[in-house]
Amino acid sequence: MKNLSFVLCLAILVASISSPSIAQMGAAGSDPASKAMEKLMALMKKSSFSAKAVMNISGKQKMPEMSFDFMVSNGRTRMELDMGAMMSAAGGGAAGMPAMGKMITVSLPDAKKIYQIMPAMKGYAELAIPESTAAKAEATKIDRKVEGTETVDGHPCEKVSNTVTAPDGKTGVIVTWEAKDLGGMPIKTEMQTPEGKITMTFKNIKTDKLADSLFQ
């Protein structure tokens, strides 16, 4: 169950930074490395794209690979995650899991709302984004150091080491691969957490305009 809780926290963190649900499920966002991810995801929200996100976790405990659809437009994000497949792979038990279907998480910073929608179960939850989240992200400092160049999924990238200092003085490091042909968008991230190394890569990136209905 610990594996399942951690995987759930990571998945939701990608789409709904610092939402109340994360605090309720566990401390995935409390360590310096997760603070680094929060800051970089806030910067990424300035982009507009859709992609398949692939996340791998390597550590003491074996974690299943996660993949989900991720969309960003004008600061809004949408994530679609197959809960049944993910929870079964994470050891949450197979009984009844496929019936859960997708969980869709839509984050609307301007409205200070996050919606978690379960179409197969005909239910949803509305969560408030805390006022302090944006202020904390702005107060977080990032020192960048370019380590070299690499190609990721066909995109020429700068490999950058980002040292992140939170308002409380705690630091963390996250490595990003920033695509030169996509305006410097970080298409791969890597960070170390107490649970192990987390690597997330965006694949099949499309920069076409996204319909507003996806975020309503």
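Start by selecting strands E9 and E10 in this predicted model. Six is the count to look for here: 6 bridges join E9 to E10, and the two strands run antiparallel. Now pick out Trp-177 and look across to E10, where Lys-188 stands opposite. Show both side chains, and you will find the charged end of Lys-188 sitting over the ring of Trp-177, 4.4 Å from the ring centre.

**Across to E11**

Keep Lys-188 selected and look towards E11, where the bridge partner of Lys-188 is Thr-201. E10 and E11 are joined by 6 bridges and run antiparallel. Follow the chain from E10 into E11 and you pass through a hairpin, with 2 residues between the two strands.

Next, add E1 to the selection. This strand and E11 run antiparallel, joined by 8 bridges. To find one of the positions, click on Ser-50: its bridge partner in E11 is Lys-206.

**The whole sheet**

Zoom out now and colour every strand. How many strands form the open sheet? There are 11, in the order E6-E5-E4-E3-E2-E1-E11-E10-E9-E8-E7, with antiparallel pairing. As you trace that order, keep in mind that strands of a sheet pair through backbone hydrogen bonds, either parallel or antiparallel.

Which strands are at the edges? Select strand E6 (123-128) and strand E7 (141-152): each of these pairs on one side only. Turn the view along the sheet to see the twist, which averages 20° from one strand to the next.

**The nonpolar cores**

Time to show the side chains. The largest nonpolar core has 30 residues. Select Phe-49, Phe-68, Phe-70, Ile-187, Phe-202 and Ile-205, the residues with the most contacts inside this core. Several strands give two or more residues to the core, among them strand E2 (66-73), strand E8 (155-165) and strand E10 (185-193). Which strand gives the most? That is E1, with 5 residues.

A second core, separate from the largest one, has 6 residues. To find this second core, select Met-71, Ile-104, Val-106 and Phe-215, which are included in it.

**The aromatic rings**

The last stop is the aromatic pairs, of which the structure holds 4. Begin with Phe-70 and Phe-202, a stacked pair with 5.3 Å from centre to centre and 20° between the planes. This pair links distant parts of the chain: Phe-70 is in strand E2 and Phe-202 in strand E11, 132 residues apart.

Are these two rings buried or exposed? Phe-70 counts as buried because its relative accessibility is 1%, under the 20% cut-off. Phe-202 is buried too, also at 1% relative accessibility.

For a contrasting view, move to Tyr-115 and Tyr-124. Their ring centres are 6.5 Å apart and their planes are at 45°, so this pair is tilted. Tyr-115 is partly exposed, with a relative accessible area of 24%, whereas Tyr-124 counts as exposed at 61% relative accessibility.

To finish, go back to Phe-70 and Phe-202 and add Phe-49 to the selection: ring pairs link Phe-49, Phe-70 and Phe-202 into a cluster. You have met these three before, as they are among the residues with the most contacts inside the largest nonpolar core.

Methods
Residues numbered from 1 in each chain as written. Predicted model: local features only at pLDDT ≥ 70, side-chain atom pairs only at ≥ 80, totals over all residues. Heavy atoms only, no water. Core = buried A, V, L, I, M, F, W, Y, C linked by side-chain atoms within 4.5 Å. Buried < 20%, exposed > 50% of the residue type's maximum accessible area, 1.4 Å probe, protein only. Helix = DSSP H or I, 4+ residues; strand = E, 2+ residues; numbered from the N terminus. Pairing = 2+ DSSP bridges. Axes fitted to C-alpha atoms, helices over the stretch in contact; angles between N-to-C directions. Phe/Tyr/Trp six-rings, centres within 6.5 Å; stacked < 30°, edge-to-face > 60°. Lys NZ or Arg CZ within 6 Å of the ring centre and 35° of its normal.
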